Amino acid sequence: MLRIILNWRYWVLLAIGSVALIGIFGTPEDYEGFAWLVAFFVSKAIGFYLGYLYFRLFMYWDDRNEIAELSKLVNNMEE
């Protein structure tokens, strides 16, 4: 467990994943009209881009066996 906490890659994935979820599921409240529509689509684009970045970083580090604990957890969930 200590190994998971001290591995900086997990913290990077947590930060990127959190911002991606906020971008995907959040909606702007401070805008009206066309500005709201632009803010809405920009937040979704940023969210999906960060989701893709999360996926690519996870696969990159998984291939190099640098996040073995998280990979093991994902593989156990698939079974």
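## E66 and its partner R9

In this predicted model, E66 is partly exposed, with a relative accessible area of 29%, which places the residue between the cut-offs of 20% for buried and 50% for exposed. The side chain of E66 meets the side chain of R9 in a salt bridge, with a distance of 3.1 Å from N to O. This pair links distant parts of the chain, since E66 sits in the loop between α3 (34-63) and α4 (68-78) while R9 belongs to helix α2 (residues 8-25), and the two positions lie 57 residues apart in the numbering. Side chains of opposite charge can pair when their charged atoms come close. The distance of 3.1 Å between E66 and R9 falls within the 4 Å limit, and therefore the pair counts as a salt bridge. For the protein, the count by this rule comes to one salt bridge.

Is R9, the other half of the pair, buried or exposed? R9 has a relative accessibility of 17%, and because buried means under 20%, R9 counts as buried. When its neighbours within four places in sequence are left aside, R9 is in contact with W61, E66 and I67, so that its salt-bridge partner E66 appears again in this list of contacts.

## The loop between α3 and α4

The loop that holds E66 also holds N65, which lies between α3 and α4. What is notable about the backbone of N65? N65 is not a glycine, and yet its phi angle is positive, at about 55 degrees. The relative accessibility of N65 is 54%, and because exposed means over 50%, N65 counts as exposed.

## Helix α3 and its contacts

K44 is found in helix α3, and with a relative accessible area of 12% this lysine is buried. Which residues does K44 contact, once its neighbours within four places in sequence are set aside? The contacts of K44 are G23, I24, F25 and G26. For one of these, F25, the separation along the chain is 19 residues, while the C-alpha atoms of K44 and F25 are separated by 7.9 Å.

F40 likewise has its place in helix α3. Not counting residues up to four places away in sequence, F40 touches T27 and P28. The C-alpha atoms of F40 and E29, which are eleven residues apart along the chain, are separated by 9.5 Å.

## Along helix α2

The place of L21 is in helix α2, the helix in which R9 is also found. L21 is partly exposed, with a relative accessible area of 47%, whereas R9 is buried at 17%. L21 and N7 are 14 residues apart in sequence, and their C-alpha atoms lie 22 Å apart in space.

## The protein as a whole

How many helices and strands does the protein have? There are four helices and zero strands, and reading along the sequence gives the pattern α-α-α-α. A compact globule of 79 residues would have a radius of gyration near 12 Å, but the value for this protein is 16 Å. Along its principal axes, the C-alpha trace spans about 50 × 25 × 20 Å. Among the contacts with a separation of 6 or more, 60% are made by residues 24 or more positions apart.

Of the 79 residues, 23% count as buried, and R9 and K44 are among them. The protein exposes about 6200 Å², of which carbon and sulfur atoms supply 67%. Turning to charge, the protein has 6 positive and 9 negative charges, and the mean positions of these two groups are 10 Å apart.

Notes: Residues numbered from 1 in each chain as written. Predicted model: local features only at pLDDT ≥ 70, side-chain atom pairs only at ≥ 80, totals over all residues. Heavy atoms only, no water. Rg over C-alpha atoms; globule rule 2.2 N^0.38 Å. Buried < 20%, exposed > 50% of the residue type's maximum accessible area, 1.4 Å probe, protein only. Contact = heavy atoms within 4.5 Å. Areas by Shrake-Rupley, 256 points an atom, 1.4 Å probe, with all protein chains shown as cover. Lys, Arg positive; Asp, Glu negative; His and termini not counted. Charge placed at Lys NZ, Arg CZ, Asp CG, Glu CD.
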